[in-house]
Every structure is written in structure tokens, then in C-alpha cells.
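Please examine the structure shown here. The questions that follow ask on what grounds its features receive their names.

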Amino acid sequence: MDKLKCPSFFKCRGKEKVTASSENFHVGENDENQDRGNWSKKSDYLLSMVGYAVGLGNVWRFPYLTYNNGGGAFLIPYAIMLALAGLPLFFLECSLGQFASLSPVSIWRILPLFQGVGITMVLISIFVTIYYNVIIAYSLYYMFASFQSELPWKNCSSWADQNCSRSPIVIHCNVSTNTGEIIRVNRSWVYNNSLTCINGSEAYQPGQLPSEQYWNKVALQRSSGMDETGVIVWYLALCLLLAWLIVGAALFKGIKSSGKVVYFTAIFPYVVLLILLIRGATLEGASKGISYYIGAQSNFTKLREAEVWKDAATQIFYSLSVAWGGLVALSSYNKFNNNCFSDAIVVCLTNCLTSVFAGFAIFSILGHMAHISGKEVSQVVKSGFDLAFIAYPEALAQLPGGPFWSILFFFMLLTLGLDSQFASIETITTTIQDLFPKLMKKMRVPITLGCCLVLFLLGLVCVTQAGIYWVHLIDHFCAGWGILIAAILEIIGIIWIYGGNRFIEDIEMMIGAKRWIFWLWWRACWFVITPLLLIAILIWSLVKFHRPDYAQIPYPDWGVALGWCMIIFCIIWIPIMAIVKIIQAEGSIFQRFVSCCRPASNWGPYLERHRGERYKDMVDPKKETDHEIPTVSGSRKPE
């Protein structure tokens with residue numbers, strides 16, 4: 001009997017025929033995995049990974065850390081920590097996701113006892129996603145505010161108070177009264193009585209820059225503390241809505257649509273950084289800023305301080321976005337034989353070089369700002385929000401054509417943030433897809449947009465007048481040591497319990513066999529060096545933990561308690577899921593525990609043609625409900 005032939009606009013699976021415009025439109029006709037889909041091109045994946053890893057921290061945190069930790073000398077511990085901690089974890093997660101083609105939660109079929117680690121990763125990503133889009137909303141607001149002939153924060157306008165000044169302001173001075181008596185009074189009394197200070201008697205304090213007061217009084221309408229919620233700042237709420245609309249539009253077809261958007265959002269920041277560097281290098285005082293960043297001011301004695309090494313390890317860890325679930329999610333859409341090793345090298349090096357390159361663009365402009373204000377670079381350099389929304393806008397306001405440079409800068413921040421946001425939402429939707437595959441095939445667009453809508457509503461508290469306190473609270477608790485706990489358990493679970501040598505054999509099924517010398521370094525890192533480094537960073541973080549504050553305003557007790565509740569809610573699933581898996585297993589308590597430390601019967605390569613001898617008895621990975629619980633013996637159940 002002749003085989004059934006299908007027209008080109010049909011996809012055939014045995015006797016079943018599915019149109020190219022079917023409900024599963026996120027899967028391409030030439031995809032290797034017809035259930036989940038694959039990246040259309042290798043470059044889609046690489047740019048998505050670069051966009052995910054290269055984020056706001058590369059621009060607003062790394063340059064400050066370099067300056068603060070010895071300048072160019074800081075690159076030594078930074079490179080060492082990349083080799084010892086960052087790259088080994090990055091390669092591990094890319095390999096893990098690609099091998100099984102599963103989400104950060106379902107991937108723990110490799111070790112059912114640790115499935116809660118995957119849930120923790122996804123929950124922390126959800127919390128961070130809520131406030132990360134608020135930062136994108138800030139960038140949108142500043143970009144729109146820059147479309148004026150003069151930047152609104154260039155001068156102290158009607159919104160400013162008497163402390164607004166680029167030069168030091170008088171706080172007390174001596175004045176002569178009508179009776180000839182000399183008294184010391186404050187500045188307000190002098191101005192209210194139209195008196196003049198006696199020369200040489202003034203006491204000064206630094207004024208608040210126009211950009212600082214604009215940030216607090218206009219952009220944020222910041223309240224006096226977290227207790228004073230105030231109203232929703234309507235223009236920030238609209239910017240937040242626009243940010244979520246952009247994210248939803250880019251992800252409505254999953255990786256098929258986001259993989260095309262990143263060609264712009266991942267590449268454009270490099271164009272802007274290059275333009276800013278060229279412009280900054282032509283400004284007077286730029287060389288002074290760059291020398292503070294990485295040149296003549298390098299201080300190698302700083303390398304003796306433990307704090308410098310901790311900062312390098314922490315920056316590498318968070319900059320590469322390991323243990324957030326995104327690397328596993330994005331890599332799960334690779335074809336099975338993709339060379340994930342070379343991908344990890346390329347993305348990690350690109351990320352680190354971008355951080356160094358961004359520092360030149362930032363410090364050249366800050367050097368010019370210090371020059372024209374007659375200050376040292378150390379007096380104008382900032383980090384985090386203060387760099388992005390106060391120091392750098394202040395510097396741009398002093399440039400000819402300031403609005404143009406401001407639009408470029410904030411558009412760059414927008415694209416940097418969007419790349420990371422795409423991957424974070426893809427982490428969430430990929431998790432839903434693996435848990436409810438039939439539902440996602442039918443309703444991918446409504447579910448994706450529904451996630452964006454829910455996260456938008458949850459983020460509204462971050463655009464109230466107390467919003468910045470909420471942003472800082474979530475960042476302080478959720479984006480900290482919770483991720484470190486997940487990373488430590490991840491590497492211990494995979495390397496020490498599942499088995500590092502077994503995991504290497506899994507990788508060789510994808511990229512081909514390698515000589516033993518190739519794996520020597522990775523074994524040393526995975527088995528010993530990386531776990532010890534992560535544990536040291538975790539202990540340091542806990543020892544140095546402090547109550548959060550913003551702008552020297554302490555948080556109320558209920559705010560701190562809420563922060564602890566958020567992070568406990570994220571990590572509590574690790575013991576909960578371990579208990580659930582042990583209860584669901586068979587045999588005595590010891591037998592149940594041992595069985596949960598073995599791979600589930602449906603663990604292995606997603607497609608049958610890739611399983612080979614090692615996974616020939618593997619249960620169909622789509623049959624999660626019936627076959628995920630390991631047997632007492634640890635053998636795979638027959639279908």
C-alpha cells in the first residue's frame with residue numbers, strides 16, 4: 001500500500017495530518033521536537049541567551065564595583081570567579097535543559113527529591129519579574145520625558161525646593177542685626193529677613209542635584225516611607241502597562257516570536273554603548289574618569305581584601321543569571337546535538353566583556369561631569385538606581401544635545417531590560433507548558449497574555465508613591481541568598497547525588513565523546529571548587545545581612561517581616577516537595593528516600609531517536625502523571 005503523501009502546507013505524523021496553521025503554531029514544520037518546538041536558528045538562541053545574561057547590572061553595577069575594588073586590579077578576581085563559579089554553573093544548566101528538553105521544574109525528574117529546587121527558581125523569577133518591569137517602566141518614562149528641547153532635570157524648576165543646587169549651599173552663617181549685634185542663624189532666617197551673610201562665616205553642605213530632586217519629586221513622587229503608600233503614580237502605571245504590552249507582544253508565539261525580537265533588543269545596546277563611548281571620549285575630563293575606572297588608579301593591594309573576592313564572585317553569579325531557571329528554559333528548545341559547550345563559552349565571555357566595555361562608556365561621561373563641576377570622580381560616581389536615574393542623567397543634561405543622548409541612553413536601558421524580561425516570562429510559560437502541554441497548545445496566547453496581566457496587576461504596588469520601597473524590598477530579599485540556596489542544591493543534587501560522571505556521559509551523548517583531560521577541569525569545579533565557593537558566598541551573605549533601607553529611610557517591622565515571608569514562600573517548596581515525593585514513593589522510609597534520589601522512569605532525552613542504549617527503557621516523557629514516581633528498586637517501569 002502506497003504511503004499517504006501530504007501537500008507542503010501539511011505536516012504528517014504517520015496517518016495523522018496537521019495543518020501548518022494548527023493550534024500548535026509555536027512549532028515549526030522543520031523543528032526536531034514537534035511537541036515543544038525548537039529555535040528557528042542557532043543565532044536566535046545565542047542572542048536570547050546573551051540578552052538574558054547581559055542586563056542592567058552590567059551597566060549600572062559592574063563599573064561601580066570595578067572602580068570601588070581597585071580599578072583594573074578587580075578584573076583578576078572577576079576572571080578567576082568566572083572560570084571557577086560562573087562558567088561551570090552556566091555550562092551545567094545549558095547542558096541540563098538541552099539534554100531533557102524540559103522546564104526548570106520538570107527537569108527535576110533527574111532527582112525527584114529536589115523538585116522543589118525548580119519550583120523555588122520559578123517563584124523567585126516571578127517575584128523578580130514583577131519589579132524588573134517596573135525598572136523598565138522607569139526607563140520608558142525617562143525616555144518619553146527626554147523628548148523636549150531641554151531636559152526637564154537640567155535646572156531646578158518649580159518642582160524643586162531650596163536645597164536644589166549643583167554647588168554647596170549655605171546652612172548657617174553670621175549676620176549683623178540693626179543693633180550691631182552679630183548672631184548666627186540658619187539660611188531660611190537670612191532669606192526671610194533679606195539679610196546678608198558676613199563673608200567667611202558661612203557653613204556649607206552639598207546641595208541636591210536637579211536630577212536627584214527630579215527623580216524623587218517628579219518621577220517617583222516618593223513618599224516619606226513604606227508606611228505611606230500614597231496614590232498610584234498614573235504615568236508610571238501607564239509606562240508599566242506599555243512595558244507589559246511589549247513583553248506580551250514579543251512572546252505571543254513563544255520562542256518563535258521572541259527569537260526574532262532579540263535581533264534588535266540584544267544588538268542595539270552595543271550600538272548605543274559604542275556611540276556613548278565615542279562621544280564620551282571626545283569630552284574634556286573623560287580620561288580622568290577612565291583612569292579612575294581601570295587605568296592609573298588601579299590598586300592591586302585591594303586583592304588582599306576578602307570583600308573584593310566576594311564582590312567578584314557575587315557579580316559573576318548574578319550577572320550570568322544562573323539558578324534562575326531561565327538558562328534551563330531557553331536551552332530546552334535546542335536541538336539535541338547542539339554544541340552547548342561552545343555556546344556557554346561564547347555567552348559567558350560576551351557577558352563579561354560587555355561589562356568591561358560598558359564601564360568605559362559610563363566613566364568617560366562621569367569624568368566629564370566631574371571636570372565641569374570641579375569635583376573628583378569619586379564624588380560623582382554612583383551605582384544602581386542612583387547611577388541610572390540621577391548621576392548619568394545629570395551628566396547627559398550638561399552635554400550639547402542632551403535630549404538626544406538621553407533618549408539613546410534610556411532606550412538602551414529599555415532594550416537591556418526587555419531581553420532579560422523575555423527570558424523570565426519564557427521560564428514561566430515553559431514551566432506551564434511542560435505541566436499542562438495540551439492546554440498550552442490550544443491557549444498559548446491567552447495564557448501568555450494572562451501571565452503578563454496578572455504580573456502587571458501585582459506590580460501596581462511598585463508604581464505607587466511608596467513604589468520604590470517595594471522594588472527595593474523585593475530585590476533585597478528575593479534576588480539574594482534564595483538563589484544561592486537553589487544553586488548549591490542544584491550542583492550538589494546533579495553532581496553528587498545523580499552523579500557527575502553519569503552527567504558527563506549525558507553531555508557526551510549530545511556533543512560527542514571527549515578525552516578525559518577535557519573533563520578534568522569541569523570535574524574539579526563541579527565536584528569541589530564551585531560548591532565550596534557558593535557555600536562561602538552564602539555564608540558571607542547571611543553574616544553580612546542587614547535590615548533593608550532606601551535613601552537612609554529604614555523599613556518598618558511589617559515590611560521586613562513581609563520580605564522574609566516572600567523568600568520563605570519561595571524556598572519552603574524545597575522541603576515540601578521532598579516530603580511529598582517520599583510519601584508518594586513505595587517501601588520503607590529508607591527505601592522511599594533512596595528511590596527519590598534516583599532518576600524518575602521518564603528521565604532522559606525527550607525524543608526516542610536520541611536515547612540510545614542507555615535510555616532504551618525510558619518511559620515516554622509526556623506521561624508524567626503515571627510514571628514519574630520512582631520504584632523502590634529504581635528501575636524504569638514498563639509502559
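**Grounds for the terms used**

Q: Why is cysteine 348 called buried?
A: In this predicted model, cysteine 348 has a relative accessible area of 1%. The term buried applies under 20%, so cysteine 348 is buried.

Q: How do you know that the sulfur of cysteine 348 is too far from that of cysteine 352 for a bond?
A: The sulfur of cysteine 352 is the closest cysteine sulfur to that of cysteine 348, at 6.6 Å. A disulfide requires two cysteine sulfur atoms within 2.5 Å, and therefore this pair is too far apart for a bond.

Q: What makes the link of cysteine 156 and cysteine 164 a disulfide?
A: The S to S distance between cysteine 156 and cysteine 164 is 1.9 Å. The limit is 2.5 Å, so the pair is joined by a disulfide. By this rule the count comes to one disulfide. The link of cysteine 156 and cysteine 164 is left-handed, with -85° about the S-S bond.

Q: Which term, buried or partly exposed, applies to cysteine 156, and which to cysteine 164?
A: Cysteine 156 has a relative accessible area of 37%. Partly exposed covers what lies between 20% and 50%, so cysteine 156 is partly exposed. Cysteine 164, with 11%, falls under 20% and is therefore buried.

Q: How do you know that cysteine 94 is in no disulfide?
A: The nearest cysteine sulfur, that of cysteine 340, is 6.9 Å away from that of cysteine 94, whereas a disulfide needs sulfur atoms within 2.5 Å. Cysteine 94 has a relative accessible area of 0%, so the term buried applies to it.

Q: Which residues have the most contacts inside the largest nonpolar core?
A: They are Phe90, Tyr138, Trp215 and Trp526, in a core of 209 residues. Helix α5 (residues 115-145) gives the most to this core, with 21 residues. Leaving aside neighbours within four places in sequence, the contacts of tyrosine 138 include Trp215, Leu220, Phe385 and Val471. Apart from the largest core lies another, of five residues, among them Val170, Cys173, Val175 and Val185.

Q: What makes the phi of alanine 323 notable?
A: Most residues other than glycine have a negative phi. The phi of alanine 323 is near 70°, a positive value in a residue that is not glycine. Alanine 323 is found in the loop between α12 (306-319) and α13 (326-331), and its 0% relative accessibility means that it counts as buried.

Q: Why is glutamine 552 called exposed?
A: The relative accessibility of glutamine 552 is 76%. Exposed means over 50%, so glutamine 552 counts as exposed. Glutamine 552 lies in the loop between β6 (549-550) and β7 (553-554) and has a positive phi of about 65° although it is not a glycine.

Q: How do you know that the span of helix α10 agrees with what is expected?
A: At 1.5 Å a residue, the 14 residues of helix α10 (residues 268-281) should span 20 Å. The end C-alpha atoms of α10 are 20 Å apart, so the two values agree. The buried residues in α10 include Phe268, Val272, Leu276 and Gly280. What covers the buried residues of α10 includes α9 (255-265), α14 (340-373) and α17 (402-435).

Methods
Residues are numbered from 1 along each chain as its sequence is written. This is a predicted model: local features need pLDDT of at least 70, side-chain atom pairs count only at pLDDT 80 or more; totals for chains, interfaces and linings use all residues. Side-chain values use heavy atoms; hydrogens and water are left out. Buried means under 20% relative accessible area, exposed over 50%, partly exposed in between (1.4 Å probe, protein chains only). A nonpolar core is a set of buried Ala, Val, Leu, Ile, Met, Phe, Trp, Tyr and Cys residues joined through side-chain atoms within 4.5 Å. Helices (H or I, at least four residues) and strands (E, at least two) are DSSP runs, numbered from the N terminus. Contact means heavy atoms within 4.5 Å. The expected span of a helix is 1.5 Å times one less than its number of residues.
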